[in-house]
Number of protein chains: 2
Amino acid sequence: MRENNFTRDFDKLFNPRSVAVVGASNMLGKWGFNMPMNMIGGGYRGDLYMVNPREERVLGFPAYPSLKDIPAPVDLLVVAIPARKVADVLGEAAEKGICNAIVVSSNFGEVGEEGARMERQVADIASQAGISIVGPNTMGIYSKTSSLCCLGAPVFPLEGSVGFVSQSGNLGVQLMTWGYRKGVGFSRFVGSGNAANTDISDWLEYLGDDTETDTIILYIEGIKDGRRFLEVARRITPRKPVIALKAGKGRQGERAVLSHSGSLAGPFELFRGAMEQAGIIEAETTEELVDLAAAFSSLPIPRGARVGVMTLGGGWGVAAADSFDREGLELAVLPQEVIAELDKFLPSFWSHRNPVDIVGNVQRSNHFRVIDAMATCDEVDMLITMGTLLGRDFWLENMFKTSVRPFLSMLRYRTTMLPFFQLSIWKGFRESLSRRGERNPEGSGGINPGEAWQWTDTAIIRRIKRLMQQERKPIIAVAVNEGERSASFRMRNSGVFTATTPERAVRVAGKLARYSRFLAAQAKKAGA
Amino acid sequence: MRENNFTRDFDKLFNPRSVAVVGASNMLGKWGFNMPMNMIGGGYRGDLYMVNPREERVLGFPAYPSLKDIPAPVDLLVVAIPARKVADVLGEAAEKGICNAIVVSSNFGEVGEEGARMERQVADIASQAGISIVGPNTMGIYSKTSSLCCLGAPVFPLEGSVGFVSQSGNLGVQLMTWGYRKGVGFSRFVGSGNAANTDISDWLEYLGDDTETDTIILYIEGIKDGRRFLEVARRITPRKPVIALKAGKGRQGERAVLSHSGSLAGPFELFRGAMEQAGIIEAETTEELVDLAAAFSSLPIPRGARVGVMTLGGGWGVAAADSFDREGLELAVLPQEVIAELDKFLPSFWSHRNPVDIVGNVQRSNHFRVIDAMATCDEVDMLITMGTLLGRDFWLENMFKTSVRPFLSMLRYRTTMLPFFQLSIWKGFRESLSRRGERNPEGSGGINPGEAWQWTDTAIIRRIKRLMQQERKPIIAVAVNEGERSASFRMRNSGVFTATTPERAVRVAGKLARYSRFLAAQAKKAGA
């Protein structure tokens with residue numbers, strides 16, 4: 001039984017023409033200061049009304065003594081005053097015909113019986129007046145379409161297609177910051193807080209129909225109406241991936257949830273099973289939630305779980321394969337013709353099976369040929385490539401390490417030999433150029449200086465992007481020798497997810513495969 | 001039965017006065033080019049001899065037609081020629097009385113029966129002559145004490161106290177690069193490769209007695225003599241932490257190991273049990289291996305598994321507590337006096353239990369008081385703090401987001417209001433200053449601009465360092481709002497491990513607790 005079955009108008013929430021802030025303040029660090037400041041900073045261009053009876057102006061805007069005094073309609077109300085005063089303000093909001101309120105005030109249900117009583121009172125007033133409450137105890141919302149950063153923290157997400165509902169506001173805005181660093185763009189964010197008269201299902205339902213949102217991620221501590229949540233999810237998952245991090249694992253996790261949002265986490269294993277049945281993809285850590293948001297919003301869904309692995313060094317192939325069983329993935333079995341094809345140009349001692357270890361071969365054209373051969377092979381549903389992506393800092397760093405450092409060392413410790421050193425380098429460079437492309441079945445061969453352009457990340461990412469479009473298979477490049485910063489730079493510029501460790505690539509691949517199995521089962525059901 | 005029981009002289013390997021490179025080359029990208037270039041770049045100052053019958057000079061050094069022609073003693077031999085020629089060179093090395101050889105050549109045991117036969121032959125010649133072989137199929141070694149970067153890749157590790165043996169060279173040097181980024185310093189590195197006549201146990205034994213090495217990390221694919229390995233480990237673990245990433249998990253991981261190093265991984269669960277009994281700490285991923293190297297080389301070992309968690313936002317506390325059960329950790333139960341102490345200055349609605357959620361309180365002095373109270377509490381063996389560490393980029397980014405961005409938005413969209421905006425900000429700033437330190441039990445309170453210095457990472461890291469020294473308890477600060485780069489910058493400058501996600505902090509804490517339990521059990525045994 002849901003008691004909150006009044007008509008909701010979330011379009012006004014995410015695209016408000018005017019916002020009023022009750023409790024607006026000039027005091028640094030207060031919620032009533034942060035929220036309007038971040039709306040301003042985020043570039044919100046609608047009308048802003050500040051309500052504060054003790055100020056003439058707040059942040060330069062005229063301050064009204066009360067909500068009633070605002071001489072224009074208000075689409076969205078932000079409430080940042082002590083808990084015990086919230087009910088009155090909602091009464092005024094009802095009179096003004098406001099239908100969405102973000103209540104940042106805490107000291108409600110999360111702190112005990114008295115708070116819970118106040119929260120029920122606030123919820124009742126709101127529901128009777130047809131007001132949907134975000135919160136109380138919320139960090140706020142973000143909406144791409146109005147550049148609305150109505151958030152307690154100065155977080156200005158990248159614009160994109162990921163919708164995000166988080167039961168922890170703090171965690172939510174941080175993950176959007178991680179997303180920013182990784183190049184993941186968001187369409188909407190809701191910090192659902194105590195969810196007085198809105199449930200996570202309401203937000204999920206909205207995002208499911210939202211044309212701005214292609215991928216949905218959730219951070220869940222507890223759900224009031226689990227059955228409705230799963231129903232809503234089931235309607236969405238065949239069309240859009242829904243990824244959830246469910247908190248409250250184990251005895252101690254449950255206890256922590258209880259003292260945070262006052263939710264009953266419930267037995268995790270039960271919930272996990274239900275999520276899987278509904279086609280919801282589980283993220284196991286905060287980091288993985290952002291990885292999955294990046295991957296699902298930028299990669300095609302594979303047709304199966306058979307993965308081709310290409311590596312420049314065997315150890316990385318092993319590190320990747322190590323979690324295949326756990327993630328429900330299979331090492332694709334390469335057909336004889338692919339092996340024969342690779343035999344044409346790889347050193348004789350390459351692994352001759354998947355993972356394809358090209359044993360440190362540094363002829364760049366060969367990397368492309370391996371990727372092409374594996375991506376176009378029917379036995380391969382996905383491709384993970386390691387060591388081929390170098391990272392933004394690689395060139396500068398490596399130029400320094402391979403030329404400047406040795407030069408400086410020679411200069412310092414073996415000064416008289418420096419001219420001979422330079423001559424040898426020059427001689428070798430010329431020889432490398434003249435013998436470029438030569439095969440050396442017994443060794444790794446030299447570098448071909450003519451391939452400099454092909455060694456750039458732009459070149460390989462372009463190739464991967466083209467192959468992904470052509471074959472509709474995810475290709476995950478792992479940049480083992482770079483940092484997060486460089487990976488995010490690339491994602492932001494190319495829109496292609498890349499991983500920073502093999503294990504993280506495999507986890508993402510596992511989740512893609514799981515979603516693929518779910519979609520296939522759905523299609524079968526629909527066909528039957 | 002070990003057949004390789006000749007006397008070893010690894011001191012000469014790690015501190016050679018002279019190195020000869022057979023197969024030295026001027027050709028870019030060849031092993032015979034990379035190894036001496038990286039030795040030069042790394043600042044090795046001993047004698048370097050190049051052996052190449054077809055060149056007059058290699059990298060400026062006179063080239064000798066063969067090893068025999070070098071007119072001086074050689075402490076360390078590097079062999080970078082095709083596999084089938086290696087045996088002859090080792091014969092010559094024997095004559096020259098060389099007792100350590102790094103054989104980078106591949107095409108040995110890892111590629112089939114013919115290769116394995118050659119490898120046995122090479123091993124026999126070497127063992128009879130008393131030559132220890134690193135490899136074949138190795139990436140080389142690093143040694144801090146001689147600035148010896150005898151590596152196939154341009155990796156110049158930070159100097160430190162972590163000794164590292166890796167059965168995959170490629171993976172090994174990459175992890176040292178990750179270590180470099182994280183601020184983890186190394187004393188020695190050995191890419192053990194095919195381990196023709198040296199086993200991982202030999203290296204472990206050496207590092208166990210090595211005064212330059214305080215923490216040992218291992219990447220293992222397979223071990224020839226498991227019993228000896230565990231014996232050696234058992235002698236070391238009561239004195240130095242030994243951390244191992246064991247590859248070859250599951251059916252598919254085993255297969256990948258087999259095709260990489262030709263090792264039989266064996267049933268992983270068996271090995272895991274044996275490792276735990278020997279006091280070896282297991283790393284589950286490559287990333288974790290580096291995290292653990294950083295943590296164990298910079299944090300004290302806790303006395304137990306009771307963890308205090310402090311968080312600025314409840315969600316992060318939950319994300320941390322979620323894996324406590326899995327990691328064998330306990331949420332410390334705070335005694336009444338600590339709760340009473342925190343009640344004195346925290347907002348009334350703080351969580352009143354562990355995790356200590358200080359509900360977004362931004363009075364910096366309170367952060368320090370919470371950390372002090374928890375670190376000095378007898379019920380707390382370790383402390384994880386989240387949200388208090390801000391990261392190097394935070395100040396610039398946040399200054400921009402909280403002042404420049406709103407200013408620019410006002411200028412652009414609400415130009416005429418800009419002067420009023422500025423006046424309001426100024427008024428609020430003055431008021432915040434005059435009301436600093438005031439308690440606000442109902443809300444989060446404002447920021448105190450007078451605390452600017454205390455908000456720096458330097459201030460909090462100093463406090464944490466002092467507390468760690470005083471209490472001998474690990475304190476792990478999680479910088480949820482920063483990237484890897486910033487974390488490593490701090491580690492390099494302060495020598496204190498910090499984590500980038502709560503889950504990673506908890507994993508590290510779990511491993512510290514496990515080692516603590518092992519040490520306690522050892523002490524008990526010794527006492528009994």
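Q: In which sense, left-handed or right-handed, does α10(A) pass α19(A) in their crossing?
A: In this predicted model, helix α10 of chain A passes helix α19 of chain A in a right-handed crossing.

Q: Why is α10(A) called oblique to α19(A)?
A: The two helices, of which α10 covers residues 286-296 of chain A, pack at an angle of about 60°, with their axes 10 Å apart. Angles under 35 degrees count as roughly parallel, and 65 to 115 as roughly perpendicular. The angle of about 60° belongs to neither of these ranges and is not over 145, and therefore α10(A) is oblique to α19(A).

Q: Which residues of α10(A) and α19(A) meet?
A: From α10(A) come A:Glu288, A:Asp291, A:Leu292 and A:Ala295, and they meet A:Arg504, A:Arg507, A:Val508, A:Lys511 and A:Leu512 in α19(A). By class, the residues of this contact divide into four nonpolar, no polar and five charged.

Q: What makes α11(A) oblique to α19(A)?
A: The axes of helix α11 (residues 314-321) and helix α19 (residues 502-527), both of chain A, come within 8 Å and cross at roughly 40°. Because that angle lies outside the range for roughly parallel, which is under 35 degrees, and outside the 65 to 115 for roughly perpendicular, α11(A) is oblique to α19(A). The crossing of α11(A) and α19(A) is right-handed.

Q: Which residues bring α11(A) and α19(A) into contact?
A: A:Trp316, A:Ala319 and A:Ala320 in α11(A) meet A:Pro502, A:Glu503, A:Ala505 and A:Val506 in α19(A). The contact has six nonpolar residues, no polar residues and one charged residue.

Q: How do you know that β8(A) and β9(A) pair?
A: Two strands pair if at least two bridges are found between them, and β8(A) and β9(A) have four bridges, in the antiparallel sense. They form a hairpin with four residues between them, and A:Ser147 in the turn has a positive phi of about 45°.

Q: What makes β8(A) and β11(A) a pair?
A: Here three bridges join the strands in the antiparallel sense, which meets the requirement of at least two. A:Ser143 has a bridge partner in each neighbouring strand, namely A:Leu148 in β9(A) and A:Arg188 in β11(A).

Q: Which way do the residues of β8(A) point, and are they buried or exposed?
A: A:Gly140 and A:Tyr142 point one way from the strand, A:Ile141 and A:Ser143 point the other way, and all are buried.

Note on methods:
Residues are numbered from 1 along each chain as its sequence is written. Chains are lettered from A and ligands numbered from 1 in the order in which they are written. This is a predicted model: local features need pLDDT of at least 70, side-chain atom pairs count only at pLDDT 80 or more; totals for chains, interfaces and linings use all residues. Axes are lines fitted to C-alpha atoms, for helices over the stretch in contact, and angles run from 0 to 180 degrees between N-to-C directions. A crossing is left-handed if the near helix is turned anticlockwise from the far one by less than a right angle, and right-handed if clockwise. Two residues are in contact if their C-beta atoms, placed from the backbone, lie within 7 Å. Ala, Val, Leu, Ile, Met, Phe, Trp, Tyr, Cys and Pro count as nonpolar, Asp, Glu, Lys and Arg as charged, and the others, Gly among them, as polar. A residue is buried if 20 or more other C-beta atoms lie within 10 Å of its own, exposed if 12 or fewer, and partly exposed in between; C-beta atoms are placed from the backbone.
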